[in-house]
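Thanks for coming, everyone. I would like to spend a few minutes on the ligand site and the sheets, so please take a look at the structure first.

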Amino acid sequence: MQRVVIVGGGVIGCAIAYHLAIHPLFDGTVAVIERDPTYRRASSALSASSIRVQFSTPVNIALSQFGWSFIEAAEQDLAVDGQGPALGLQAPGYLTLASDTGAAILSDNHAVQLAQGGDVALLSPAEIGARFPWIDIAGVAAGALGLKGEGWFNGPALHMALRAKARALGVLFRTGEVVGFTRRFGAINGCELSDGEVVAAECVVNAAGAWAGQVAALAGVDLPVRPRRRMVYIFACRTALADFPLLIDPSGLWVRPEGPQFICGFCPEPGEDEADDAPLEIDETIFHDRLWPVLAARVPAFEAIRLTGGWAGYYDMNLWDHNGLLGAHPEEPSLLHAAGFSGHGLQHAPGIGRGMAELIAEGRFRSLDLSPLSVERLARGERLVERCVI
Ligand SMILES: Cc1cc2nc3c(=O)[nH]c(=O)nc-3n(C[C@H](O)[C@H](O)[C@H](O)COP(=O)(O)OP(=O)(O)OC[C@H]3O[C@@H](n4cnc5c(N)ncnc54)[C@H](O)[C@@H]3O)c2cc1C
């Protein structure tokens with residue numbers, strides 16, 4: 001009987017555990033080892049919980065499409081003792097605005113999204129203005145609006161529902177920090193915890209999120225995943241703005257409603273990224289000096305807003321090409337990875353969990369070909385570049 005041990009009990013670890021527990025060909029045991037069951041610093045608890053098909057890579061679009069259908073069915077499929085989770089899925093879409101320089105890329109991405117069955121409309125500035133009269137379209141050459149399968153949901157509730165369902169299906173959740181691996185005939189056969197205990201396993205999965213590079217290093221693997229701080233600001237605006245989507249400005253700023261307020265953030269410029277251990281605090285000066293002027297220029301009603309709070313979390317950044325890394329590194333075949341999702345791991349967790357369960361139980365990705373995300377591309381020196389990372 002195969003014993004699977006998953007390092008990290010965030011949404012990715014829980015999704016893998018759940019999908020293994022329901023896989024018809026898997027008859028082993030699953031244990032998830034999580035060092036902090038309060039998830040205080042886990043990305044799954046600190047995300048903006050949004051989901052989109054507006055990616056440039058077919059595999060990312062397909063993962064989002066599966067994620068959406070999974071979330072829609074979660075109330076039934078993840079119910080425990082007849083009680084299903086309320087995930088609050090909302091579908092106002094993403095509206096990606098492009099300037100003259102970005103319009104051709106927006107149009108190329110749109111073609112990829114259509115080919116994947118995405119329901120995304122390309123809009124002219126006049127059409128954007130007519131549909132969203134509260135937007136100032138100055139400097140906008142085109143926009144892409146998701147008409148279906150895009151919006152946001154309660155991410156922490158999805159994480160907790162996957163965990164509760166996995167537990168109900170027999171997955172063991174243990175508190176502990178993995179500090180090393182044990183080996184037999186060179187192959188990893190267990191995880192060593194900080195209290196000295198060893199958890200034996202035939203299969204170990206690294207799902208340690210932003211810390212996956214550190215866990216990989218314990219096995220001598222150089223996985224280019226690092227914690228990168230991202231800040232989310234909450235603000236209040238008195239004016240009602242109808243049908244507000246998740247709006248992405250050509251500057252890289254994004255903003256969307258969150259209950260009666262709004263949340264926003266931004267994508268740092270290349271080279272602007274911070275150290276691995278940047279403190280998980282927001283920098284208010286950035287909001288006032290940098291984001292507010294852009295917000296007010298794009299949406300004049302945002303001239304009069306009030307910063308009410310915010311939070312910071314770590315993106316699980318894959319420095320190689322900003323995309324997930326799945327499976328074993330050729331130099332260490334006895335350790336599987338599911339990490340490096342670079343800010344889109346929550347929406348992709350259902351599909352990643354299903355794919356990793358198939359890889360473990362059947363030796364291949366069956367439902368959806370996730371091989372473009374294979375770790376082997378590192379050794380081959382290939383990049384799978386996703387152009388739509390925010
Ligand atoms: C500000 C922000 C906004 C985001 N917005 C979105 C969004 O809108 N949509 C989206 O899809 N994604 C978004 N993301 C990304 C998403 O949150 C992550 O990709 C996803 O949560 C990664 O899940 P995970 O389980 O891999 O990592 P985590 O949730 O971080 O879980 C990893 C776990 O591993 C544990 N761990 C680490 N090392 C060890 C060890 N040695 N031993 C035991 N346990 C260990 C940690 O304690 C942690 O709980 C956002 C992220 C941030 C920070």
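Which helices and strands each supply at least two residues of the shell around the ligand? They are helix H1 (11-22), strand E2 (29-34), strand E13 (225-237), strand E17 (305-318) and helix H8 (345-362), where helices (H or I, at least four residues) and strands (E, at least two) are DSSP runs, numbered from the N terminus.

Before going on, a word on conventions. This is a predicted model, in which local features need pLDDT of at least 70 and side-chain atom pairs count only at pLDDT 80 or more, while totals for chains, interfaces and linings use all residues. Residues are numbered from 1 along each chain as its sequence is written, and side-chain values use heavy atoms, with hydrogens and water left out.

Back to the shell, where a residue is near the ligand if one of its heavy atoms lies within 4 Å of it. There are 36 residues around the ligand, and Glu34, Ser44, Ser50, Asp316 and Gln347 come nearest. E17 gives the most to this shell, with 4 residues. At least three residues come from each of domain 1 (3-82 + 154-224 + 320-380) and domain 2 (94-149 + 227-314), with bounds taken from an automatic or database domain assignment.

As for polar contacts with the ligand, meaning pairs of N or O atoms within 3.5 Å, I will mention three that involve ligand oxygen atoms. A side-chain N or O atom of aspartate 316 lies 2.9 Å from a ligand oxygen, a backbone N or O atom of serine 43 is 3.0 Å from a ligand oxygen, and for a polar backbone atom of valine 11 the distance is 3.1 Å. The ligand taken alone exposes 1000 Å², of which the protein buries 97%, with accessible areas coming from the Shrake-Rupley method with a 1.4 Å probe.

Now to the sheets, in which two strands pair if DSSP finds at least two bridges between them. One open sheet has 8 strands in the order E5-E6-E4-E14-E15-E16-E13-E17, with mixed pairing. Its edge strands are strand E5 (120-123) and E17, each of which pairs on one side only. Within this sheet, strand E14 (residues 246-248) and strand E15 (residues 253-258) run antiparallel and are joined by 2 bridges, and isoleucine 248 has tryptophan 254 in E15 as its bridge partner.

A further open sheet has 3 strands, in the order E9-E10-E11, and its pairing is antiparallel. Strand E9 (178-184) and strand E11 (198-200) each have a single partner strand, so one side of each is left without a neighbour in the sheet. E9 and strand E10 (residues 187-193) pair over 6 bridges, and the partner of threonine 182 in E10 is glycine 190.

Definitions and conventions
Polar contact = N/O pair within 3.5 Å; in protein donor to acceptor, adjacent residues only side chain to side chain.
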